[in-house]
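Work through the exercises below with the model open beside you. Try each task before you read its solution.

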Amino acid sequence: MSLDNHRSSSRHLQRHIWSFCMWCHRLAHLFSSTQCLLNRSSGHQISWQPRYRKSLPAVSRWHHMAPASLNCAWQLHGDHLELRYAETLMRFDYVWLRDHCRSASCYNSKTNQRSLDTASVDLCIKPKTVRVDETTLFLTWPDGHVTRYGLEWLVKNSYEGQKQQVMHPRIFWNAEIYQQAQVPSVDCQNFLETKEGLKEFLQNFLLYGIAFVENVPPTKEDTEILAERISLIRETIYGRMWYFTSDFSRGDTAYTKLALDRHTDTTYFQEPCGIQVFHCLKHEGTGGRTLLVDGFYAAEQVLQRAPEEFELLTKVPLKHEYIENVVGCPNHMIGVGPILNIYPWNNELYLIRYNNYDRAVINTVPYDVVHRWYAAHRTLTTELRRPENELWVKLKPGKGDGDDWQVDSGQLTMNLVPAAAVGLWTFHCLKMEFAGGTRNLAEMEQMV
């Protein structure tokens with residue numbers, strides 16, 4: 001073979017080798033892109049999304065805070081940090097990690113408010129360096145800013161951690177459970193004058209949704225003093241504190257002698273009143289017993305026996321309305337929400353809107369969903385009406401009752417001249433501003 005032919009064959013072979021390498025490189029890139037797309041869309045329908053962040057290769061190995069320690073480990077991915085600590089695997093978006101920085105320039109610790117302008121954070125941001133010691137995660141950003149997070153704080157505030165936490169610990173009860181618990185009433189003087197009395201009331205209320213105070217002077221003014229011991233009183237269309245009796249002075253069934261089935265009140269408010277206090281000031285006659293049912297207990301039974309119906313009751317929005325045409329009180333109020341209200345991250349029930357009297361026309365969902373909703377509503381109603389779930393009490397002058405979003409109430413037919421003073425609070429006011437608004441939530445939790 002001549003030298004020229006040899007050189008030609010060599011160049012031809014080099015071109016083939018170069019083409020083959022390019023083909024392998026493109027195939028590897030295609031496989032990597034496809035794998036990334038599959039990972040991102042796992043469990044979901046694949047759809048086009050704008051690319052806010054450049055593709056970054058994932059680090060394929062876990063980093064540990066010390067070579068011999070498996071207590072904490074972290075791994076960088078293209079758009080998030082994966083952290084394993086305290087037997088919890090957590091994932092944090094990089095923008096989230098920058099946005100929640102608690103440094104002095106990003107967060108005002110005196111007011112507990114964010115100082116950082118979230119809209120100024122680069123949506124493609126990625127930490128330049130990451131370091132973890134026994135208690136703290138350190139992130140250095142491209143501009144040199146350093147963010148520090150306590151590992152316990154991250155567990156508490158991560159999505160994965162929140163899914164495992166209960167916002168409001170409660171005890172669900174039927175009549176037998178409540179009676180066996182022998183929940184004590186609190187003496188009015190002890191309630192008003194001592195931390196121990198207030199603590200006992202709050203423990204009963206927060207755990208069971210109801211609490212009783214004995215020996216309250218049977219006046220509207222003393223009932224108001226009792227209410228203000230707990231919180232600011234909410235002004236409504238009824239006023240701050242008001243009387244009601246069976247004189248139909250307001251356009252509501254509660255102002256009649258008719259028996260009332262189980263229900264929660266003020267469902268026609270966009271935020272139903274979270275706490276109500278009832279105090280019977282006068283009763284000359286028969287009847288007047290109050291029925292209390294733990295709506296959360298009933299809802300839990302529905303969840304166990306018919307989970308698909310429970311889910312439907314958490315999703316179908318309903319209108320509740322209050323229409324009043326009594327002279328001097330022209331009111332029309334509408335509140336919207338499902339019967340069962342849950343926190344979506346942990347499915348914890350926190351509020352029930354159950355009032356067949358005030359429910360408006362159902363016109364928010366199509367006919368086929370309506371029929372399934374009626375079946376689910378029937379299941380919940382059956383649970384609420386079970387005799388074993390009914391706790392009957394008779395309020396008398398001097399005995400006050402508080403209940404919240406957990407408890408459905410009702411009453412038997414009343415005769416002659418019963419009267420009651422009522423005050424309403426939002427639920428959050430009890431938690432944050434009880435006892436005249438001088439204590440915060442952390443102090444209350446420490447007391448309770």
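**Exercise 1. Take stock of the whole protein**

Task: Describe the surface, the secondary structure and the burial of the protein.

Solution.
- Start with the surface. The protein exposes about 25,000 Å². Carbon and sulfur atoms supply 54% of that area.
- Next, count the elements. The protein has 13 helices and 23 strands.
- Then turn to burial. Of the 448 residues, 45% are buried.
- Last, look at the contacts with a separation of 6 or more. Residues 24 or more positions apart account for 69% of these.

**Exercise 2. Judge the confidence**

Task: This is a predicted model. Find the average pLDDT and the share of residues that score at least 70.

Solution.
- The average pLDDT is 77, and 68% of the residues score at least 70.
- Now look for weak stretches. Over residues 27-60 the pLDDT is below 50. Beyond near neighbours in sequence, this stretch makes 21 contacts in the model.
- Residues 247-251 also have a pLDDT below 50. Their contacts beyond near neighbours in sequence number 17.

**Exercise 3. Find the largest nonpolar core**

Task: Which residues of the largest nonpolar core touch the most other members? Which elements give two or more residues to this core?

Solution.
- Recall the general trend. In soluble globular proteins, nonpolar side chains tend to be buried together.
- The largest core has 25 residues. Leu81, Leu83, Leu97, Leu137, Leu139 and Leu151 touch the most other members.
- Now list the elements. Strand 2 (72-76), strand 3 (80-85), strand 4 (88-93), strand 7 (129-132) and strand 8 (136-140) each give two or more residues. So do helix 2 (94-99) and helix 3 (151-157).
- Zoom in on Leu151. Leaving out residues up to four places away in sequence, its contacts include Cys72, Leu83, Tyr85, Val132 and Leu137.
- Another core lies apart from this one. That core has 24 residues, among them Ala298, Leu312, Leu313 and Leu349.

**Exercise 4. Follow strand 2**

Task: Is strand 2 enclosed or open, and why?

Solution.
- Count the buried residues. Five of the five residues of strand 2 are buried, so the strand is largely enclosed by the rest of the structure.
- Check each face. Cys72, Trp74 and Leu76 are buried on one side. Ala73 and Gln75 are buried on the other.
- Find the partner. Strand 2 pairs with strand 3 over five bridges, in the antiparallel sense. Ala73 stands opposite Arg84 of strand 3.
- Trace the connection. A hairpin of three residues joins strand 2 to strand 3.

**Exercise 5. Order a sheet**

Task: In what order do the strands of the open sheet with strands 7, 8 and 9 lie?

Solution.
- Strands of a sheet pair through backbone hydrogen bonds, either parallel or antiparallel.
- Here the order is 7-8-9, and the pairing is antiparallel.
- Identify the edges. Strand 7 and strand 9 (146-150) each pair on one side only.
- Look at the angle. Neighbouring strands are turned by 15° against each other on average, with direction ignored.
- Inspect one pair. Four bridges join strand 7 to strand 8. One bridge pairs Arg131 with Phe138 of strand 8.

**Exercise 6. Spot the unusual phi angles**

Task: Where do Ala86 and Asn215 lie? Are they buried, partly exposed or exposed?

Solution.
- Most residues other than glycine have a negative phi.
- Ala86 has a positive phi of about 50°. Ala86 lies in the loop between strand 3 and strand 4. Its relative accessibility is 39%, so Ala86 counts as partly exposed.
- Asn215 has a positive phi of about 65°. The loop that holds Asn215 runs between strand 11 (210-214) and helix 8 (220-230). At 54% relative accessibility, Asn215 counts as exposed.
- Asn215 is also one of the residues that Asp187 touches. Asp187 sits in strand 10 (residues 186-187).

**Exercise 7. Cover a helix**

Task: Which residues of helix 10 (residues 307-315) are buried, and what covers them?

Solution.
- The buried residues are Glu309, Phe310, Leu312, Leu313 and Thr314.
- Their cover includes helix 9 (295-305), strand 18 (340-343) and helix 11 (367-384).
- Link back to Exercise 3. Leu312 and Leu313 are among the members of the 24-residue core.

Methods
Residues are numbered from 1 along each chain as its sequence is written. This is a predicted model: local features need pLDDT of at least 70, side-chain atom pairs count only at pLDDT 80 or more; totals for chains, interfaces and linings use all residues. Side-chain values use heavy atoms; hydrogens and water are left out. Buried means under 20% relative accessible area, exposed over 50%, partly exposed in between (1.4 Å probe, protein chains only). Contact means heavy atoms within 4.5 Å. Accessible areas come from the Shrake-Rupley method with a 1.4 Å probe; for residues, only the protein chains shown count as cover. pLDDT is the predictor's confidence in each residue, from 0 to 100. A nonpolar core is a set of buried Ala, Val, Leu, Ile, Met, Phe, Trp, Tyr and Cys residues joined through side-chain atoms within 4.5 Å. Two strands pair if DSSP finds at least two bridges between them. Axes are lines fitted to C-alpha atoms, for helices over the stretch in contact, and angles run from 0 to 180 degrees between N-to-C directions.
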